[in-house]
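Welcome! Here is a small set of exercises to work through with the sequence and the 3D view side by side. Try each task before you read its solution.

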Amino acid sequence: MIEEIGKLSVIHSKGTLDWAYPTFILASTAAAMDKEVELFFTFYGMKAALNTTDDLKVSPLGNPGMVLHSPVGPDWFKRVDLNHVLPGLIWTLPGMSQLATWGFKKTMLQQGQVPLDELRELCLELGVSMTVCQMSMEIMAYQESDFIQGVEFAGAATYFSKTPVEQSLYI
Amino acid sequence: MQLDLTNLACPMPIIKLKKFLAEQVGQTVSVEVLLTDKGGLKDIPAFCKQKGLNCQLLKNEPVIVFRVESIKS
């Protein structure tokens, strides 16, 4: 067995559902491969560590790279990238971010992905260490009780004291 | 023995395989792993290499099948 297993650390700064997946996917995989994993949630990224993930949404608005497929309808329609074919103005209408979020969640499940809460729970189960930025928490008026069990609260220095010397990811 | 990981996307096949292996501590492992996640074609061997396990691709259509087993000493 390879002895040098190393560490993974991710600074998670995005407060949307689409960006929460890569962080937890990388973290759970690295932990499954026996790496020590440290996640640091800062600014809007804190939302990925809240008790409820209902606030995490996706929107094609101002998100040109996003690919959005309908999870329902005939096959030809499901293959259409709605973010590509519909005018951007559509996504400003009331209810569109809820609709896009609903579609995104359903498509993820159809593709064999698990709900984000479950993936996050698996990360904790696999020993992923999670820290919420104390300063961000205070600025945004959250309380420790708003976050899932198992996260710690600290500042940037604590994060850097625990992370790899050579590499961290910023998501 | 078979481990059915079909219809699961990354990272679940790796996590389920890891959990399965954790239940086999101290035992010789020999299991057929079934999956539909194309990324697994490279990920399962990479995971096995890191875990010090033998991994052989038996089939890749329509379902990917690997034999994963302990290295015989």
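**Exercise 1. A helix in chain B**

Task: Start just after H2(B) and find which residue takes a positive phi there. Then work out which residues of H2(B) are buried and what covers them.

Solution, step by step:

- Keep in mind that this is a predicted model. The residue just after H2(B) is B:Gly52, with a positive phi of about 70°.
- Step back into the helix. H2 of chain B takes in residues 40-51, 12 residues in total. From first C-alpha to last it reaches 15 Å, close to the 16 Å expected at 1.5 Å a residue.
- Now look for burial, which requires 20 or more other C-beta atoms within 10 Å of a residue's own. In H2(B), B:Gly40, B:Ile44, B:Phe47, B:Cys48 and B:Lys51 are buried.
- Look down the axis: these buried residues fall within an arc of 95°, so they line one face of H2(B).
- Finally, see what lies over them. The cover includes helix H1 (12-22) and the strands S2 (30-35), S3 (53-59) and S4 (64-70), which belong to chain B.

**Exercise 2. The sheet of chain A**

Task: Put the strands of the open sheet in chain A in order, and find which of them stand at the edges.

Solution, step by step:

- The open sheet has 5 strands in the order S4-S3-S2-S1-S5, with parallel pairing.
- S4 (151-154) and S5 (169-170) of chain A are at the edges; each has a single partner strand, so one side of each is left without a neighbour in the sheet.
- Move to S3(A), residues 129-133, which pairs with S4(A) in the parallel sense over 4 bridges. One partnership to find is A:Met130 with A:Val151 in S4(A). In addition, A:Thr131 stands opposite A:Glu152 in S4(A).
- S3(A) also pairs with S2 of chain A (residues 36-41), again in the parallel sense and over 4 bridges. Here A:Glu38 has A:Ser129 in S3(A) as its bridge partner.
- Check burial too: 4 of the 5 residues of S3(A) are buried, so this strand is largely enclosed by the rest of the structure.

**Exercise 3. The core and the meeting of chains**

Task: Locate the residues with the most contacts inside the largest nonpolar core. Then examine H5(A) and the place where the two chains touch.

Solution, step by step:

- The largest nonpolar core has 51 residues, and those with the most contacts inside it are A:Ala27, A:Ala31, A:Leu39, A:Phe41, A:Cys123 and A:Val128. Helix H1 of chain A (residues 17-32) gives the largest share, 10 residues.
- Take A:Val128 as an example. Apart from neighbours within four places in sequence, A:Val128 is in contact with A:Ala27, A:Ala31, A:Val37, A:Leu39 and A:Cys123.
- In H5(A), residues 116-125, the buried residues are A:Leu119, A:Arg120, A:Leu122 and A:Cys123. They cover an arc of only 155° around the axis, which puts them on the same side of H5(A).
- Their cover includes H1 of chain A together with H1 of chain B. After H5(A) comes A:Gly127, with a positive phi near 95°.
- Between the chains, 12 residues of chain A are in contact with 14 residues of chain B. H1(A) supplies the largest share of the chain A side, 4 residues. That side divides into 7 nonpolar, 5 polar and no charged residues.

Conventions: Residues are numbered from 1 along each chain as its sequence is written. Chains are lettered from A and ligands numbered from 1 in the order in which they are written. This is a predicted model: local features need pLDDT of at least 70, side-chain atom pairs count only at pLDDT 80 or more; totals for chains, interfaces and linings use all residues. The expected span of a helix is 1.5 Å times one less than its number of residues. A residue is buried if 20 or more other C-beta atoms lie within 10 Å of its own, exposed if 12 or fewer, and partly exposed in between; C-beta atoms are placed from the backbone. The arc is that of the directions from the helix axis to the C-beta atoms. Two residues are in contact if their C-beta atoms, placed from the backbone, lie within 7 Å. A nonpolar core is a set of buried Ala, Val, Leu, Ile, Met, Phe, Trp, Tyr and Cys residues joined through C-beta atoms within 7 Å. Ala, Val, Leu, Ile, Met, Phe, Trp, Tyr, Cys and Pro count as nonpolar, Asp, Glu, Lys and Arg as charged, and the others, Gly among them, as polar. Two strands pair if DSSP finds at least two bridges between them.
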